[in-house]
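Trainee: Please take one part of this model and go through it closely. I would like to look at the place where the two chains meet, and at what each chain brings to it.

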Amino acid sequence: MRLVNRFLAALLSVALIALAVLIVIEVVANRTTHEYAAVRWHSAYEWMNRTIWQAGSVRAASIVLLVVGLGLLVLELKRPRPRRLQIAANKNIDAAYTRRGVVATLRSSVTDVDGITSAAVKLSRRRARVRAVASAQDAKVAAQLREPARAAAQDRLDALRLKNAPKLTVHVAHRSH
Amino acid sequence: MHADRSNRAALIVLAVLLSAVGALGVATSYGLFGSAVEHESLLDNGFARFVGRNGEWLWVVVAVLGLLVAAFALRWLLTILFSTDRTATIRIRTDGPGRTELASGALADAVSAEIDSYRGVDAARTRVTGDPQDARLVVIVTVEDSADLPGLVGRIEEQALAHARTALDNPSLPITLDLSVATTQSSRVS
């Protein structure tokens, strides 16, 4: 999100610079020559003078602005996923595992269990969801692997000694035919 | 990066402005302010009339504000593109009248090398952020998945990071330690 914000902020600042410089150029040009310099703002002024609020183009532009504005607002106000999960009992040092690190170690703990071929982990502040796939095509065999997989993941999570450990849920699916 | 909070704040302001203008346009064009208004032209309102009446001085003010906005936006852009939170030196506490400074790269290299030598560590990177007199050590360590993680964390804290604090004679040196786990097992033998 920080990278997206940096990109959007760079775009915004460039747009602001361009707009501000354009305004200055047009004001100076209008004062000195009574003509436009780069933008035919006279025709824009005439278009705005003859266009009513009910016009389709005005409605479409307003809806687009509203949707983009609300979308950006939701994106910025949404609480981001944690980048790091703090380790408990480190009063002197701000120590933490990266989110990717926790995901990687949980995934490997589950794939180390015999009979499990792959696993995907989703990690938020409060929950760690592991979805594993068993090598067996039989659903009963896959269900039997759930407890060993959960125990392995929980052991690994406990070993990390996180300050606020997420609640773990593990699902094991059978391999599709 | 210093600009991250400013970026978010500016984008929130932009989002609020876009939403407000869009909502105003939608409300006006669908007759929420009366059916007469929706049939009026975009410039048939008090604000446009005010601009028309006071154009002589108003556009000069707008141009001056434009210059200020351009200068501010340029500074913001340069901060986004080139600023860093790193410091090149660390000031060592001394009682005498002189000033002693340590190149932060030397400390960072020493800390990284020590951590890198530990069994179970795949890679270590260290940088020094903040001001020379108020520096913070930021250590990023990639550990092997098979490593004894609590033991390794304890060793890093009690040895490498403690050595850094001792070297700077600053037992309360702020330290951030980020541990990542290598997804593929390292072939390195230590």
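Mentor: In strand 5 of chain B, the bridge partner of Ala95(A) is Leu177(B). That pair is a convenient place to begin, with the caution that this is a predicted model.

The pair belongs to a parallel pairing between the chains: strand 2 of chain A, residues 94-98, is joined to strand 5 of chain B by four bridges. On its other side, strand 5 of chain B is joined to strand 4 of chain B, residues 134-143, by seven bridges, and these two strands also run parallel. Within that second pairing, Val138(B) has Thr176(B) as its bridge partner in strand 5 of chain B.

Next comes the step from strand 4 to strand 3 of chain B. These two strands pair over ten bridges in the antiparallel sense. A hairpin of two residues joins strand 3 of chain B to strand 4 of chain B. Here Gly130(B) stands opposite Ala135(B), the latter in strand 4 of chain B.

Put together, these pairings belong to an open sheet of five strands, ordered 1(A)-2(A)-5(B)-4(B)-3(B), with mixed pairing. The edges are strand 1 (84-86) of chain A and strand 3 (121-131) of chain B; each has a single partner strand, so one side of each is left without a neighbour in the sheet. On average, and ignoring direction, neighbouring strands of this sheet are turned by 25 degrees against each other. As a general point, the strands of a sheet pair through backbone hydrogen bonds, in either a parallel or an antiparallel arrangement.

A helix lies over this shared sheet. Helix 6 of chain B lies across strand 2 of chain A and across strand 4 and strand 5 of chain B, and runs at about 150 degrees to strand 4 of chain B.

The sheet is one part of the meeting place. Counting by contacts, 53 residues of chain B touch 52 residues of chain A. On the chain B side, the elements that give two or more residues are helix 1 (4-29), helix 2 (35-38), helix 4 (55-82), helix 6 (149-168) and strand 5 (175-181). Helix 1 of chain B gives the most, with 18 residues. Sorted by class, this side of chain B has 34 nonpolar, twelve polar and seven charged residues.

Helix 1 of chain B deserves its own look. Its axis and that of helix 3 of chain A, residues 56-77, come within 7 Å and cross at roughly 150 degrees. An angle over 145 degrees counts as roughly antiparallel, which is why helix 3 of chain A is described as roughly antiparallel to helix 1 of chain B. Helix 3 of chain A passes helix 1 of chain B in a left-handed crossing. The residues of this helix contact divide into 18 nonpolar, six polar and three charged.

The chains that meet here can be set out in outline. Chain B has six helices and five strands, and from the N terminus on its elements run α-α-α-α-β-β-α-β-β-α-β. Chain A also has six helices and five strands, in the pattern α-α-α-β-β-α-β-β-α-α-β along the sequence. Chain A has a radius of gyration of 28 Å, well over the 16 Å that the globule rule gives for 177 residues, so it is more spread out than a compact globule. The C-alpha atoms of chain A fill a box of roughly 80 × 50 × 20 Å along the principal axes. For chain B the radius of gyration is 28 Å, where a compact globule of 190 residues would have one near 16 Å. The C-alpha trace of chain B spans about 80 × 50 × 25 Å along its principal axes.

Chain A has a hairpin to set beside the one in chain B. Strand 3 of chain A, residues 116-123, and strand 4 of chain A, residues 127-134, run antiparallel and are joined by seven bridges. Three residues make the hairpin between strand 3 of chain A and strand 4 of chain A. In this pairing Ser118(A) stands opposite Val133(A), which is in strand 4 of chain A.

Technical notes
Residues are numbered from 1 along each chain as its sequence is written. Chains are lettered from A and ligands numbered from 1 in the order in which they are written. This is a predicted model: local features need pLDDT of at least 70, side-chain atom pairs count only at pLDDT 80 or more; totals for chains, interfaces and linings use all residues. Two residues are in contact if their C-beta atoms, placed from the backbone, lie within 7 Å. Ala, Val, Leu, Ile, Met, Phe, Trp, Tyr, Cys and Pro count as nonpolar, Asp, Glu, Lys and Arg as charged, and the others, Gly among them, as polar. Two strands pair if DSSP finds at least two bridges between them. Axes are lines fitted to C-alpha atoms, for helices over the stretch in contact, and angles run from 0 to 180 degrees between N-to-C directions. Angles under 35 degrees count as roughly parallel, over 145 as roughly antiparallel, 65 to 115 as roughly perpendicular and the rest as oblique. A crossing is left-handed if the near helix is turned anticlockwise from the far one by less than a right angle, and right-handed if clockwise. The radius of gyration is taken over C-alpha atoms; the globule rule is 2.2 Å times the number of residues to the power 0.38.
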